[in-house]
Amino acid sequence: MGCQTRAGAMHWHASTIRGMLANPAYVGRAAFGRARYLPPRPRLRPIRGDPQPSSRATCRVLVPPEEWIEIPVPPLVDRTVFEAARAQLEENGKRKRQRMPGADWLLQGLTVCRRCGYAYYGKRAPSSRKYDPTNTLRYYRCIGADGYRFSGHAVCNNPAVRGDHLEEAVWDQVKGLLEDPRRVADEYRRRLRQARDEIREPDEIVRLERQMATLRRGIGRLIDSYAEGVIDKAEFEPRIAGLKQRLSQLQERHRAAVEVAENERDLSLLISRLEEGDSRARRP
């Protein structure tokens, strides 16, 4: 239709359209607190151009709709049309999961182009190629080579790589690593030290549980005060929303701390098993 994006581009990303179709503000219900941002989680590979993890809270976590704070705004879309679009999105998600093939792309998102730094993604060869009548060839292609992603101009001219060739080369490296359990044990020890460093205080889980209990008691007292007429609705709503948001943040930190503690136990068990297997393999 020739509609430009907010930034003036002609290409619309699918994620942008998906966000518009799922935004209740278009039917007159702007929602505050639909998501919260937490410290970034470990990634499979560094971000292009930024190898160091961000110190800011950049991990977006969705909040359940019952915790949203809705604000009435002028509607732009008919509610029936909006609900039909949401139902279609849910149906699309179900059909996509049903059509999902097996693990055809073992290295998608894990391999990076040395020339431009963008990740490689899986792409099948066109079925019209005569030398591949069964359409079994798979390739890994650099994202920078797709011109449509960059306003029609590709930023990289690296050719695609045969999927079977690349996976075979990587698997040879993996087999060499598995044949030397000491290298795997050293890597797990490094991760174990990193996991311990993430918990600055040994009693962080207990401290977070105490803070959450205190907040829950505060929420209960606030609700009782509102029910008894001590405070009015205008004062109650922003205070209860702030307490719930603070409680959600503490719950996320508590889950992260518990996860780190569990990882520490799992890594300790893996190290002991690897060392035990290595000692057995070295016995005459």
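## Sheet and crossing helix

Strand β6, residues 138-142, pairs with β7 in the antiparallel sense over two bridges. This is a predicted model. Within that pairing, Y139 has R162 in β7 as its bridge partner.

Both strands belong to an open sheet of three strands. The order is β5-β6-β7, and the pairing is antiparallel. β5 (120-124) and β7 (161-162) are the edge strands, each pairing on one side only. Helix α3, residues 163-178, lies across β6 and β7. α3 runs at about 85° to β6.

## Helix α5

α5 has 24 residues. From first C-alpha to last, α5 reaches 35 Å. That is close to the 34 Å expected at 1.5 Å a residue.

Which residues of α5 are buried? They are E204, L208, M212, L215, G218, I219 and L222. Just after α5 comes G229, with a positive phi of about 80°.

## Nonpolar cores

The largest nonpolar core holds eleven residues. Its members are L208, M212, L215, I219, L222, I231, F236, I240, L247, L250 and A257. Two elements give two or more residues to this core: α5 (204-227) and α6 (233-281). Apart from this core lies another, of seven residues. Among them are C113, C116, Y140 and C156.

Back in the largest core, F236 is one of the members. Which residues does F236 touch, not counting residues up to four places away in sequence? The contacts are L222, I223, Y226 and I231. Of these, L222 is also one of the buried residues of α5.

## Cysteines

How many disulfides does a search of the whole structure find? The count is zero. C116 is thus a cysteine in no disulfide, and the nearest cysteine sulfur, that of C142, is 3.3 Å away. The cut-off for a disulfide is a pair of cysteine sulfur atoms within 2.5 Å, so the C116 and C142 pair does not count as one.

Is C116 buried or exposed? C116 counts as buried, because its relative accessibility is 13% and the limit for buried is under 20%. C116 is also one of the seven residues of the second core described above. C3 falls in another class: its relative accessible area is 43%, so C3 is partly exposed.

Technical notes:
Residues numbered from 1 in each chain as written. Predicted model: local features only at pLDDT ≥ 70, side-chain atom pairs only at ≥ 80, totals over all residues. Heavy atoms only, no water. Core = buried A, V, L, I, M, F, W, Y, C linked by side-chain atoms within 4.5 Å. Buried < 20%, exposed > 50% of the residue type's maximum accessible area, 1.4 Å probe, protein only. Helix = DSSP H or I, 4+ residues; strand = E, 2+ residues; numbered from the N terminus. Contact = heavy atoms within 4.5 Å. Expected span 1.5 Å × (residues − 1). Pairing = 2+ DSSP bridges. Axes fitted to C-alpha atoms, helices over the stretch in contact; angles between N-to-C directions.
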